[in-house]
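Reader: I keep meeting words like cavity, pocket and buried. Could you show me the model and tell me what earns each label?

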Amino acid sequence: MHMLYKNLFILTTTLLLITSLAPQSVKAQNKPRILVVDGRNNHDWKMTSEALIATLKATGRFEVDVSTTPNSEHKRPDGLGPDADKAAQAEYKRQEMEYRAKQKEYDKEVAAEFAKWKPDFSKYAAVVLNYNGPTWPEEVGKSFETYIKAGGGAVLIHASNNAFRNWDEYNEMIGLGWRGADFGSCVKIDPETGKAVHGSGCGSSGHGSKHPFKITVRAPDHPVMKGIPKEWMHARDELYHHMRGPAKNMTVLSSAFSDPAQRGSGENEPMTWEVKYGAGSVIVTSMGHRWRNDKDATALHCVGFQTIFARSTEWVATRKVTLPIPESFPGAETPVIIEPSKLEWKK
């Protein structure tokens, strides 16, 4: 019996030791694992990804990995403004000629590097797309389609809906994107009923001046939007209008009035929407603009944007939303801007 008690004591002590060491690892294992895909983009994708990752990590609810597409640094020089002087025009011409001279070499390099780029989407609860560049290799595209159809989730930020015009399945899974006037249909929100209205005569996608604007929740019972104020003020951002696409299996979660005084459409435009694709779910938001060389990140640091982004990610990853609404969430008149690492989430 003495030996039995001794063995029980050793076993109990060992279990207690394991238990004392386990919580962090167990907790980490229970966090949804998110993959951020970034790289080529006409926007500042590096700073955008930095803000998105910081937002997800600040919640304490996610594990985050990043997959950056190859050869992301080769890009056309930034365009000139109408007031550019002769020296600036000459420098731009020099850069443009240099860009064109290296284009063929770059195309070969990127093809070789892309052939090696094979992210394993199946390892992740959800994918965040911060990408607007060359078409992915066919194998990667098919893998992404299979992943979403089988029940995976994705969240698209801002210019990611500009990408892949000629990828039919991508258009199906995002519902609406930045497309020409000949592409699919457009969706507006009827201000009287709050319902989505489909049409075809709204022209090509575009945007007006960057400015703060009011967001109106259109699906208050949706888990992402539940508890969020009916109206709230988003920080200075681009307000996309005339977004176009198949618009199938789509629920508009929020909208914003595109003010003609800001060169907008004069319509209530979808801002965030969800598309069901197979067994999976994709949420698209046109919020989150940050141009190259921008001095601030107000759109990405807006508490409203961070809340919608984080809750959308949790929803497509787990099919539930447990993230609370921060106490600093903006009201209907004034945006609230807080760096992601400093935003306090209720625990």
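Author: Start with the largest cavity, which is lined by Lys210, Arg236, Asp237, His289, Arg290, Asp294, Asp296, Ala297, Thr298 and Ala299. Strand E9 (231-237) and helix H6 (298-301) each give two or more residues to that lining. By the way, this is a predicted model: local features need pLDDT of at least 70, side-chain atom pairs count only at pLDDT 80 or more, and totals for chains, interfaces and linings use all residues. Residues are numbered from 1 along each chain as its sequence is written, and side-chain values use heavy atoms, with hydrogens and water left out.

Reader: What makes a space a cavity, and what makes a residue part of its lining?

Author: On a 1 Å grid over the protein atoms alone, a cavity is a set of points where a 1.4 Å probe fits but cannot get out, and lining residues have an atom within 4 Å of a point. The whole structure has three cavities of 30 Å³ or more, and the largest holds about 60 Å³.

Reader: Why is the second largest pocket called a pocket?

Author: Because a pocket is an open set, with protein on both sides within 12 Å along at least five of seven lines. The second largest has a volume of about 160 Å³, and Asn30, Lys31, Pro32, Arg61 and Glu314 are the nearest to its centre among 11 lining residues.

Reader: What share of the residues is buried?

Author: Buried means under 20% relative accessible area (1.4 Å probe, protein chains only), and 48% of the 347 residues meet that.

Terms used: Buried < 20%, exposed > 50% of the residue type's maximum accessible area, 1.4 Å probe, protein only. Points joined across faces, edges and corners; volume = space filled by probe spheres on them. Helix = DSSP H or I, 4+ residues; strand = E, 2+ residues; numbered from the N terminus.
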